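Please open the model in a viewer and follow the selections below in order.

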Amino acid sequence: MVHIFPAPDRRQHGVRTVLSTLILALVLGSLGGCASVPPPDGSMNQAQMQLQYARDAGAADYAPVDLDFAQNKFQQAQAAMASRKYEDAAALAEEAQADAELARAKARLGAARAQIQRKTQANRELREQIEQNLNAQEEAAQQAAQQQQRQMQEQQQGLPAQEQTQDMPAPSSSVLQPLPQDGGFQTLPQQQPQPQTNDQGGHP
């Protein structure tokens with residue numbers, strides 16, 4: 001008994017050949033694409049450098065949110081590098097670099113504002129100290145003037161009493177004359193002035 005097999009369909013064979021060719025092209029293309037993208041070492045280094053600059057500028061104090069964004073993006077870029085996803089790693093490194101630069105700029109601005117506030121506070125304290133010194137000097141001058149005025153008033157009040165005391169006649173005192181008998185002193189009354197008479201014996 002003879003079996004007769006149908007002739008193979010050339011159309012199906014052609015479709016299989018085309019599919020195999022497409023699959024092989026896709027595999028080769030993906031391998032070639034991976035091989036054509038080098039590791040983004042430069043972008044990673046720049047992102048890491050900008051992160052350090054941001055930390056040194058005080059971003060942890062003045063721009064903590066932007067610094068956290070930059071650090072998270074850089075960690076994701078490192079994970080992509082470990083998985084050989086170089087395109088993703090390059091994109092994440094660029095985003096981390098941009099966030100780090102923004103954090104650094106905000107940190108500089110915050111530090112400048114803080115310095116201005118410190119100088120303003122120092123100037124305010126200095127001005128208050130100067131005002132206090134001026135007020136103290138003014139009070140001292142007023143007290144000195146008041147004291148001098150009181151002294152002048154006291155001198156003016158005591159001056160008439162002294163003048164009155166000087167204008168009063170001195171009390172009459174006895175004249176002490178030595179006595180020739182015993183060498184002592186004898187108290188003689190003060191002589192009163194005698195009225196003058198003219199030579200003709202008349203009264204003045």
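**A tour around helix α4**

Select first the buried residues of α4, which are Asp66, Leu67, Ala70, Phe74, Ala77 and Ala80; buried means under 20% relative accessible area, exposed over 50% and partly exposed in between, with a 1.4 Å probe and protein chains only. They lie on the same side of α4, because they cover an arc of only 145° around the axis, the arc being that of the directions from the helix axis to the C-beta atoms. The face turned away from this buried side carries the exposed residues Val65 and Ala82.

This is a predicted model, in which local features need pLDDT of at least 70 and side-chain atom pairs count only at pLDDT 80 or more, while totals for chains, interfaces and linings use all residues. Residues are numbered from 1 along each chain as its sequence is written, and side-chain values use heavy atoms, with hydrogens and water left out. Helices (H or I, at least four residues) are DSSP runs numbered from the N terminus.

Next, select Phe74. Phenylalanine 74 touches Met44, Ala47, Gln48, Leu51 and Ala96 (heavy atoms within 4.5 Å), not counting residues up to four places away in sequence.

Then display the largest nonpolar core, a set of buried Ala, Val, Leu, Ile, Met, Phe, Trp, Tyr and Cys residues joined through side-chain atoms within 4.5 Å. Of its 18 residues, Leu51, Ala59, Leu67, Phe74 and Ala103 touch the most other members. The helices α2 (41–56), α4 and α5 each supply at least two residues of this core, and the largest share, seven residues, comes from α5.

Finally, select arginine 84, in the loop between α4 and α5 (86–167). Arginine 84 has a positive phi of about 60° although it is not a glycine, and it is exposed, with a relative accessible area of 63%.
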